[in-house]
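This note gathers comments on the ligand site and on the internal cavities. The points below are numbered for ease of reference.

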Amino acid sequence: MELLKGKVAMVTGGTRGIGYAIVKKYLDNGAAVALCGSRQETVDKALEKLKADNADYKVIGLCPDLKNPSEVESAVATVKETFGRLDIMVNNAGISARDSIYDYKPEEFSGIMDLNVTATFHCAQAAAKVMKEQGGGVILNTSSMVSIYGQPAGVGYPTSKFAVNGLTKSLARELGKDNIRVNAVAPGVTRTDMVAALPDEVIKPLIATIPLGRVGEPEDVANAFLYLASDMASYVTGVVLSVDGAARS
Ligand code: NAD
C-alpha cells in the first residue's frame, strides 16, 4: 500500500529510533523524505542504511540546528527546492533527563525546553508558511506518555511534552482554516537503543506494568505517524494519540 504516494515529508530526529522508523515507513508508502539529524555523520549513516535497503528511495539528509529559526527555514527551503513541496512535517527530535528536582540544573531544564518545545515551534512555523501557500499539509509532533501522567523524576521532560500537546492542540485550532492538520503521537516505552540496553532486572518489572505485556516497537509508533499523515486521517486534527499498550506510568 502506498498511503503517501506523491507526498513530501521532513522528519527531525530521523537518524535512529522512532524517527528512523517513521522515515522508513513513509518511504515504503511512497513519500519522498528529508531526514534531519544533529550530526552530518549520523545523517550519512542513516542515508547509507536506507539506500542499502532500497536504492530507489527518494531521500535526502539535512543537518540544521533546530534551535536556530533561520537554519530551520533554510532546511525547509531546501526540501521545497529538492522535492517541489512539503506536505508533512514531523517534529520528532527530543532529549530527556531523569534528575531529581533537588539536583536539576537550570541549564538542563532550558536545554530540554529549547529542543523539545522551541525547536518544534520553529519547525512548525517554517512548515506552516510553506503549507499555507500550497493549500494545506500535516504537522505531527512526537509527544510522550509522560505528557499525560507526568513522571516521578526528571521534571523537565514531561513539562516539555505537556507543552508539545498544548502546541499541537492550539495550532490545530489556528491552522484548520488553512487546511493544515496538526496532531501528536504519545509513545509509551519504546524499544529504541536506550531501552534495548536496559538490563533484565529493569525491563521485566517495567513490562509487568504494561497491559499489552510488552514494550512498544518503533514500528508500532511509526504506524500511528503513517495513519495521521495520510488522507485516512483527513478529519483528524488536534489529537494526541497514545501508542503505549495502555501503560500508565
Ligand atoms: P533517540 O535518542 O533514539 O533519537 C533521538 C533523535 O533526535 C536522533 O535522531 C537525534 O539525532 C535527534 N536529536 C537529538 N538531539 C538533537 C539536537 N540537539 N538537534 C537535532 N536533533 C537531535 O530517541 P527516540 O527514543 O527515538 O525518541 C524520539 C522521540 O520520541 C523523542 O521526541 C522522544 O522524546 C520521544 N519518545 C520516546 C520514547 C521511547 O521510549 N523511546 C517514549 C516516548 C517518547
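1. How far does a polar side-chain atom of Thr15 lie from an oxygen atom of the ligand? In this predicted model, the distance is 2.8 Å. Thr15 also belongs to the group of closest residues around the ligand, together with Ile18, Asn92, Tyr157 and Thr190.

2. Two further polar contacts deserve attention. Asn92 places a backbone N or O atom 2.8 Å from an oxygen atom of the ligand. For Lys161, a polar side-chain atom lies 2.9 Å from a ligand oxygen atom. On its own, the ligand has 830 Å² of accessible area, of which the protein covers 85%.

3. The shell around the ligand should be described as a whole. It comprises 24 residues, and by class these are eight nonpolar, 14 polar and two charged. Helix H1 (17-28) supplies at least two residues of this shell, as does helix H6 (156-175). The largest pocket is the space that the ligand takes.

4. The cavities form a separate topic. How many cavities of 30 Å³ or more does a search of the whole structure find? The search returns two. The largest cavity holds about 40 Å³ of space, and the second largest holds about 30 Å³.

5. The lining of the largest cavity consists of Thr12, Leu66, Asn91, Asn92, Ala93, Leu115, Ala119, Thr120 and Cys123. Asn92 is thus a residue to note twice: it is part of this lining and is among the residues closest to the ligand. Helix H4 (residues 106-134) gives the largest share of the lining, four residues. By class, the lining has five nonpolar and four polar residues, with no charged residue.

6. The second largest cavity is lined by Pro69, Glu73, His122, Gln125 and Ala126. Helix H3 (69-83) and H4 are the elements that each give two or more residues to this lining. H4 again has the largest share, here three residues. By class, two lining residues are nonpolar, two are polar and one is charged.

7. Which helix gives the largest share of the lining of the second largest cavity? The answer is H4, and helix H4 holds that position for the largest cavity as well. A description of the cavities should therefore name H4 in both cases, by definition a helix numbered from the N terminus.

Notes: Residues are numbered from 1 along each chain as its sequence is written. This is a predicted model: local features need pLDDT of at least 70, side-chain atom pairs count only at pLDDT 80 or more; totals for chains, interfaces and linings use all residues. Side-chain values use heavy atoms; hydrogens and water are left out. On a 1 Å grid over the protein atoms alone, a cavity is a set of points where a 1.4 Å probe fits but cannot get out, and a pocket is an open set with protein on both sides within 12 Å along at least five of seven lines; lining residues have an atom within 4 Å of a point. Grid points are joined across faces, edges and corners, and a volume is the space filled by probe spheres set on the points. Ala, Val, Leu, Ile, Met, Phe, Trp, Tyr, Cys and Pro count as nonpolar, Asp, Glu, Lys and Arg as charged, and the others, Gly among them, as polar. A residue is near a molecule or strand if one of its heavy atoms lies within 4 Å of it. A polar contact is a pair of N or O atoms within 3.5 Å; within protein, one must be able to donate a hydrogen and the other to accept it, and residues adjacent in sequence count only if both atoms are side-chain atoms. Accessible areas come from the Shrake-Rupley method with a 1.4 Å probe; for residues, only the protein chains shown count as cover. A molecule sits in a cavity or pocket if more than half of its atoms lie within 2 Å of its grid points.
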